[in-house]
Amino acid sequence: MVSVNKSIGFKFRDRAIVDRGGNPTEPFLAWMEDLERRGNQLRQRTGGDSDRFEAVEGLLLNQGEVEAAQERPTAVPVSPEPPQVSAMVSGAPEVTEMLLNWQPEYALPPPTLVTGPAETLEAGTWTPVIAGSTMPGSHTYTTQTGRFLRYDGWVWISGKVVLSALGGTEAGNITITGLPYPATEDSDIGLASWENLNLGGAQYHPYGEILTGNAFLTVRTSGDNVAKGTRPVSSLSATTAICINSLYRG
């Protein structure tokens, strides 16, 4: 079935396609039926390959003079150039979409996936230990638990340490040792909670400081309009508890 806009008449290569009454001419109808027949044959020959079908179908349109319907050519010329279809509209200022003025669509090549070296997710446990910076001491604990995840140079740690008795020989500032990996850059990390830890004065917020190359953190404190400081082991009590949940580079 051929549908033609009857409000305008148009010609294909100076040959009538629509008569004065707005009806398709017999040669044009025969030509279109021939194209449809050959299109069905092409679908079978191209095995459903849409790119191949569209390219060859365009070649049929390019050679499609009105008299081609009477000559019934059996060979389809092959051209490496995309088919060009020219048409002229009589009485219309622009070529309308109903004309056969198109270019075949060619699929873009699939994107190339760029991948880097494979990263490994590592999971494990670690044992937090409260120690003095100059003299570790030997404390008694009720809880010492720690877990970690490491991926792409980032180390996430969680841990909980609870004292039940002080060793009495510790000295220096409070540190927590046993981190699963040394730090590859300086990091300040958060302490999730703390109990029975004497902070003293205006420095009321404890946090952990890990310096590059160290596998331990130093407990430091900060506050409102004061410089950061360290906490000496004398700030510990027999029931001090510290929880850690943070991330550092290691």
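## Report on the predicted model

Among contacts in the protein between residues at least 6 apart in sequence, 63% join residues at least 24 apart. The model is predicted. Its secondary structure comes to three helices and 13 strands. The protein has 250 residues, and 32% of them count as buried. About 14900 Å² of the protein is exposed, with carbon and sulfur atoms supplying 51% of that area.

**Salt bridges**

The count of salt bridges comes to two. One joins Glu209 to Arg220, with the closest N and O atoms 3.4 Å apart. Because Glu209 lies in strand β10 (residues 205-210) and Arg220 in strand β11 (residues 216-222), this pair ties together parts that are eleven residues apart in sequence. Glu209 also forms a salt bridge with Lys228, where the closest N and O atoms are 3.3 Å apart. That pair links distant parts of the chain, with Glu209 in strand β10 and Lys228 in the loop between β11 and β12 (229-230), 19 residues apart. Glu209, Arg220 and Lys228 are thus named together as a network of salt bridges.

The three residues can also be described by their accessibility. Glu209 has a relative accessible area of 12%, so it is buried. Arg220 is buried as well, because its relative accessible area is 16%. Lys228 has a relative accessible area of 44% and is therefore partly exposed.

**Aromatic rings and charges**

The structure holds one aromatic pair. It consists of Phe148 and Tyr181, whose ring centres are 6.1 Å apart and whose planes stand at 80 degrees, so the pair is edge-to-face. Phe148 lies in strand β6 and Tyr181 in the loop between β8 (174-177) and β9 (187-195), so the pair ties together parts that are 33 residues apart in sequence. Phe148 counts as buried because its relative accessibility is 8%.

Tyr181 has a further partner in Arg150, which lies over the face of the tyrosine at 4.1 Å from the ring centre. Elsewhere, the charged end of Arg249 sits over the ring of Trp154, 4.5 Å from its centre.

**Nonpolar surface patch**

Trp154 also belongs to a nonpolar patch on the surface, formed with Leu121, Leu149, Tyr151, Trp156 and Leu247. Together these residues have about 580 Å² of accessible area. The elements that give two or more residues to the patch are β6 (140-151) and β7 (154-165). Leu121 lies in the loop between β3 (88-90) and β4 (122-125). Its relative accessible area is 58%, so Leu121 is exposed.

**Two buried threonines**

Thr175 lies in strand β8. With a relative accessibility of 4%, Thr175 counts as buried. Leaving out residues up to four places away in sequence, Thr175 touches Val129, Ile130, Ala131, Gly132, Ser133, Phe216, Leu217 and Thr218.

Thr240 lies in the loop between β12 and β13 (241-249). Its relative accessible area is 0%, so Thr240 is buried. Residues touched by Thr240, again not counting those up to four places away in sequence, are Val161, Val162, Leu163, Glu195, Asn196 and Leu197. Thr240 and Leu197 are 43 residues apart in sequence, while their C-alpha atoms are 5.7 Å apart in space.

**Positive phi angles**

Most residues other than glycine have a negative phi. Two residues with a positive phi are listed below; neither Asp152 nor Asn225 is a glycine.

| Residue | Phi | Place | Relative accessible area |
|---|---|---|---|
| Asp152 | about 55 degrees | loop between β6 and β7 | 42% |
| Asn225 | about 60 degrees | loop between β11 and β12 | 77% |

Asp152 is partly exposed because its relative accessible area of 42% falls between the cut-offs of 20% and 50%. Asn225 is exposed, with a relative accessible area of 77%, because the cut-off for exposed is over 50%. The loop that holds Asn225 lies between β11 and β12, and Lys228 of the salt-bridge network is also placed in the loop between β11 and β12.

Key. Residues numbered from 1 in each chain as written. Predicted model: local features only at pLDDT ≥ 70, side-chain atom pairs only at ≥ 80, totals over all residues. Heavy atoms only, no water. Patch = residues over 30% accessible without salt bridge, like charges linked within 9 Å, V, L, I, M, F, W, Y side chains within 5 Å. Areas by Shrake-Rupley, 256 points an atom, 1.4 Å probe, with all protein chains shown as cover. Salt bridge = Lys/Arg side-chain N within 4 Å of Asp/Glu carboxyl O. Helix = DSSP H or I, 4+ residues; strand = E, 2+ residues; numbered from the N terminus. Buried < 20%, exposed > 50% of the residue type's maximum accessible area, 1.4 Å probe, protein only. Phe/Tyr/Trp six-rings, centres within 6.5 Å; stacked < 30°, edge-to-face > 60°. Lys NZ or Arg CZ within 6 Å of the ring centre and 35° of its normal. Contact = heavy atoms within 4.5 Å.
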